[in-house]
Amino acid sequence: MTRKAVIQDVRQLSELFDQYRIFYHKESDILAAEKFITERIENKDSEIFVAEHQGELVGFVQLYPLFSSTRMKRYWLLNDLYVNENHRGNGYSKKLIEEAKKMAISTDACGILLETGKTNDIGNKLYPSCGFEIYDEVNFYEWNQ
């Protein structure tokens, strides 16, 4: 089952978020994860959907709002998608992406944008299978402080 995250999910969701960060080679920090997730939900800065199995949260997707000036519409950034390694291969990622797509449609967004590493074999198979296309007409740049 997938659904929108609520404040009561913060404890379990923070554990998943911490696992996600560890997957991307960040230090574990449950307290910071809990604070971050709580702020996103309370401030309505993002949309978070969770996958649940027998009362346990097993995955999540988090989207941030953007806008396309040329299309003059909302655009969503799918920034985080994670399923606990013990629950992979059960279709949770696809279900979470479907929730994201429904939300994009319901908010009259022009689309969903995401990025993944060239070496992310699972993601690079998953996203096209869910209808995403590689957009290679632009160069992607990043500035970090």
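Below, a biologist questions a modeller about the sheet, the helices and some loop residues of this predicted model.

Biologist: What kind of model is this, and how are residues numbered?

Modeller: This is a predicted model, in which local features need pLDDT of at least 70 and side-chain atom pairs count only at pLDDT 80 or more, while totals for chains, interfaces and linings use all residues. Residues are numbered from 1 along each chain as its sequence is written, and side-chain values use heavy atoms, with hydrogens and water left out.

Biologist: How do you know that β3 and β4 pair?

Modeller: Two strands pair if DSSP finds at least two bridges between them. A strand here is a DSSP run of E with at least two residues, a helix is a run of H or I with at least four, and both are numbered from the N terminus. Strand β3 (residues 56-68) and strand β4 (residues 73-83) have ten bridges in the antiparallel sense, so they count as paired. One example is Tyr64, whose bridge partner in β4 is Leu77. Four residues lie between the strands of this hairpin, where Met72 takes a positive phi near 55°.

Biologist: What makes the pairing of the sheet mixed?

Modeller: Strands of a sheet pair through backbone hydrogen bonds, either parallel or antiparallel. β1 and β2 (residues 47-53) are antiparallel, with three bridges; Arg3 has Val50 as its bridge partner in β2. β4 and β5 (residues 112-114), by contrast, run parallel and are joined by three bridges. The five strands form an open sheet in the order β1-β2-β3-β4-β5, with mixed pairing. Its edge strands are β1 (2-4) and β5, since each pairs on one side only.

Biologist: Why is the crossover from β4 to β5 called right-handed?

Modeller: A crossover is right-handed if, with the strands pointing away from the viewer, the path from the first strand over the helix to the second runs clockwise. Trp76 of β4 has Ile112 as its bridge partner in β5. The chain goes from β4 through helix α3 (residues 92-106) to β5, and this β-α-β crossover is right-handed.

Biologist: How do you know that the buried residues of α2 line one face?

Modeller: Buried means under 20% relative accessible area, exposed over 50% and partly exposed in between, with a 1.4 Å probe and protein chains only. In α2 the buried residues are Ala33, Ile37, Thr38, Arg40 and Ile41. Seen down the helix axis, they fall within an arc of 160°, so they line one face of α2. That arc is taken over the directions from the helix axis to the C-beta atoms. Leu31, Lys35 and Glu42 are exposed on the other side of α2. The buried residues of α2 pack against α1, β2 and β3, where contact means heavy atoms within 4.5 Å.

Biologist: Why is His25 called exposed?

Modeller: His25 has a relative accessible area of 74%, and the cut-off for exposed is over 50%, so the word applies. His25 is found in the loop between α1 (10-23) and α2.

Biologist: What makes the phi of His25 worth listing?

Modeller: Most residues other than glycine have a negative phi. The phi of His25 is near 65°, a positive value in a residue other than glycine.

Biologist: Why does Gln54 count as exposed?

Modeller: The relative accessibility of Gln54 is 76%, and exposed means over 50%, so Gln54 qualifies. Gln54 is placed in the loop between β2 and β3, and its phi is positive, about 50°, although it is not a glycine.
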